[in-house]
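This report looks at how one helix is covered by its surroundings and at the cores formed by nonpolar side chains. Please keep the sequence and the structure at hand while reading.

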Amino acid sequence: ADPTFTVDLEGIRAKGAGPQWLASTSSAATVATLFTGSDPSAISVGYSITAPIDGPSGGAALTVGTIAAIRGDRVRPKVVMTGTIAPDGTIGQVGLVPQKLRAAAEAGYRTVLVPMGNRMAFDEATGRPVDVVALGRTLGLRVQPTRDINDAYEVFTGRTIAPPVEIGRAHV
């Protein structure tokens with residue numbers, strides 16, 4: 001039978017999704033499928049958008065949401081993140097992090113995950129580099145630099161994607 005693993009890029013393109021966002025959704029669906037060990041022929045992944053959108057910054061969040069949907073896990077409502085997603089699950093740098101923190105605070109979020117490489121970011125509002133963790137504190141946010149999808153998933157759901165690997169008696 002034909003595999004049912006699909007990502008409806010045509011439908012979301014028609015609603016205003018740009019090429020970088022389309023690539024990000026494809027990566028998110030692929031990484032989520034790999035990290036859950038799902039049979040690609042047994043699932044269908046779809047994303048909906050309500051307005052024009054572009055850029056790769058939502059890739060990591062899309063991956064977390066897709067894994068949670070596949071596994072049936074709930075995500076915490078006051079957590080949000082920004083970052084790209086790589087095939088190995090690492091979370092890559094993005095732009096405009098200080099502006100995104102301000103938007104998250106205005107929207108009522110409490111925790112914001114940012115890529116580890118974005119701990120220091122240029123703030124267009126001040127014209128200077130800023131420590132985003134410190135900026136977050138001034139906005140009433142807990143900003144957590146995050147390395148990979150495993151760490152992000154635990155913050156979003158309180159669950160791990162996979163148990164730690166045991167080598168002898170030590171946990172890795």
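## What covers helix α3

The cover over the buried residues of α3 includes α2 (19-36), β1 (79-81), β2 (84-85), β3 (91-92) and α6 (149-157), where helices (H or I, at least four residues) and strands (E, at least two) are DSSP runs numbered from the N terminus. The residues of α3 that are buried (under 20% relative accessible area, 1.4 Å probe, protein chains only) are G59, A60, L62, T63, V64, T66, I67 and A68.

This is a predicted model, in which local features need pLDDT of at least 70 and side-chain atom pairs count only at pLDDT 80 or more, while totals for chains, interfaces and linings use all residues. Residues are numbered from 1 along each chain as its sequence is written, and side-chain values use heavy atoms, with hydrogens and water left out.

## The crossing with α6

The axes of α3 and α6, which are lines fitted to C-alpha atoms over the stretch in contact, with angles from 0 to 180 degrees between N-to-C directions, come within 10 Å and cross at roughly 65 degrees. The contact (heavy atoms within 4.5 Å) joins A60, T63, V64, I67, A68 and R71 of α3 to I149, A152, Y153 and F156 of α6.

## Nonpolar cores

A nonpolar core is a set of buried Ala, Val, Leu, Ile, Met, Phe, Trp, Tyr and Cys residues joined through side-chain atoms within 4.5 Å. The largest has 17 residues, and V64, M81 and L113 have the most contacts inside it; α6 gives this core its largest share, five residues. A second, separate core of 13 residues includes L101, V132, L135 and L141.

Methods. Buried means under 20% relative accessible area, exposed over 50%, partly exposed in between (1.4 Å probe, protein chains only).
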